[in-house]
Amino acid sequence: MSVTILGIESSCDDTSAAVIRDQLLLSNVISSQDVHKQYGGVVPELASRAHQANIIPVVDTALRYAGVTIAEIDAIAYTRGPGLLGSLLVGASFAKGAALTLGVPIISVNHLQGHVLSHFIKDEPNAIHPSFPFLCLLVSGGHTQIMLVRGPMDMEIVGQTIDDAAGEAFDKCAKVLGLPYPGGPVIDKLAIEGNPGFIKFAKPNIPDLDFSFSGLKTSFLYTLRDKLNTEPNFVNEHLPDICASLQQTIIEILLSKVEQAVRKYRIKEIAIAGGVAANSGLRTALQLLGQKRGWKVYLPKKQFTTDNAAMIAIVGYYSYLAGKTSPLDEPPLARLPLG
């Protein structure tokens with residue numbers, strides 16, 4: 001008997017709803033919020049208000065695209081956290097109200113687990129996914145982690161940033177350069193035309209599998225300051241080279257830790273996930289390193305790297321099979337630990 005899951009994602013500034021039948025994706029609708037670009041970052045109050053306006057039409061559209069009626073839904077999965085509390089409340093409240101009306105169970109989902117299991121979404125018949133156990137480098141605007149994934153419901157964070165995430169480093173450095181928000185994709189585009197060896201930025205020396213990006217930001221700022229003191233047009237004349245050098249440094253930091261994790265756990269199934277997993281430089285570098293080291297590398301489709309409800313629905317599917325549902329009085333949490 002098939003299982004049909006409605007997924008709801010509202011952790012930040014994207015309102016999304018998706019329908020999955022077993023592992024097969026039937027629809028995945030995302031409504032993005034452009035209002036935040038003028039502020040250089042997400043404004044929580046504006047985000048939650050936009051979710052309130054978008055949630056019903058987004059869910060309705062997802063059901064229509066999937067060719068599924070609301071009565072056919074077996075369970076509703078929603079993002080419990082981590083994320084912006086006001087935004088999470090909108091998705092959680094809708095999911096609970098709909099589940100109570102329909103008489104179906106709800107499943108609260110950790111947003112980070114969704115990113116990892118996005119590799120298991122089947123949007124085509126021959127879709128492939130990692131074999132268990134595998135290592136996943138999760139890189140997004142707010143998180144940089146290495147996860148040991150033993151099964152759909154069995155994940156362990158074995159390394160993580162002690163300060164800023166890789167995505168934050170991209171966005172904050174982009175802001176210094178006068179680039180629009182979000183800065184990561186802009187830097188990625190400019191870096192294609194630049195020389196990655198143009199500037200050597202400082203790299204952190206953090207023990208074991210943890211990361212740090214605050215020192216890189218400091219090195220970036222001081223380097224630019226020194227250059228601008230002698231060359232006032234330095235940024236304008238060398239912008240692609242600066243972007244390429246910054247991106248290369250971040251990639252080297254990330255992949256050096258992945259290599260350490262492979263040596264430690266002797267696992268050669270490697271995946272990446274999260275918004276920064278869409279970065280073309282990182283994707284290419286990981287593939288090349290995988291070929292050199294004999295790894296099996298799995299790159300998510302770019303539509304599954306950003307926040308989306310398909311990844312929430314796939315977690316909901318595996319949770320449903322495991323008999324794991326959630327109570328109606330479980331509150332959303334801005335900071336939600338994995339597990």
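**Exercise 1. Which strands and helix each supply at least two residues of the lining of the second largest pocket?**

Before the solution, a word on the model. It is predicted, so to speak: local features need pLDDT of at least 70, side-chain atom pairs count only at pLDDT 80 or more, and totals for chains, interfaces and linings use all residues. Residues are numbered from 1 along each chain as its sequence is written, and side-chain values use heavy atoms, with hydrogens and water left out.Step 1: get the terms straight. On a 1 Å grid over the protein atoms alone, a pocket is an open set of points with protein on both sides within 12 Å along at least five of seven lines, whereas a cavity is a set where a 1.4 Å probe fits but cannot get out; lining residues have an atom within 4 Å of a point. Helices (H or I, at least four residues) and strands (E, at least two) are DSSP runs, numbered from the N terminus.

Step 2: pick out the elements. They are S5, strand S8 (154–160) and H9. S5 gives the most, with four residues.

Step 3: fill in the pocket. About 410 Å³ of space lies in it, a volume being the space filled by probe spheres set on grid points joined across faces, edges and corners. Of its 19 lining residues, the closest to the centre are Ser108, Asn110, Gln113, Met153 and Gly339. The lining divides into eight nonpolar, seven polar and four charged residues. Here Ala, Val, Leu, Ile, Met, Phe, Trp, Tyr, Cys and Pro count as nonpolar, Asp, Glu, Lys and Arg as charged, and the others, Gly among them, as polar.

**Exercise 2. Place S5 in its sheet and find the helices that lie across the strands.**

Step 1: read the strand order. It goes S3-S2-S1-S4-S5, an open sheet with mixed pairing; two strands pair if DSSP finds at least two bridges between them. S3 (24–32) and S5 (106–110) are the edge strands, each pairing on one side only.

Step 2: zoom in on S5. Strand S4 (residues 75–81) runs parallel to S5, and five bridges join them. Thr79 stands opposite Val109 in S5.

Step 3: add the helices, with contact meaning heavy atoms within 4.5 Å. Angles run from 0 to 180 degrees between N-to-C directions, and axes are lines fitted to C-alpha atoms, for helices over the stretch in contact. Helix H9 (residues 309–321) lies across S1, S2, S3, S4 and S5, at about 135 degrees to S1. Helix H1 (residues 44–66) lies across S1, S2 and S3, at about 25 degrees to S2.

**Exercise 3. Describe the lining of the largest cavity.**

Step 1: count. The whole structure holds one cavity of 30 Å³ or more.

Step 2: list the lining. Leu135, Cys136, Leu137, Ile146, Val258, Ala261, Ile270 and Ala271 line the largest cavity. S6 gives the most, with three residues.

Step 3: sort by type. The lining has eight nonpolar residues, no polar and no charged.
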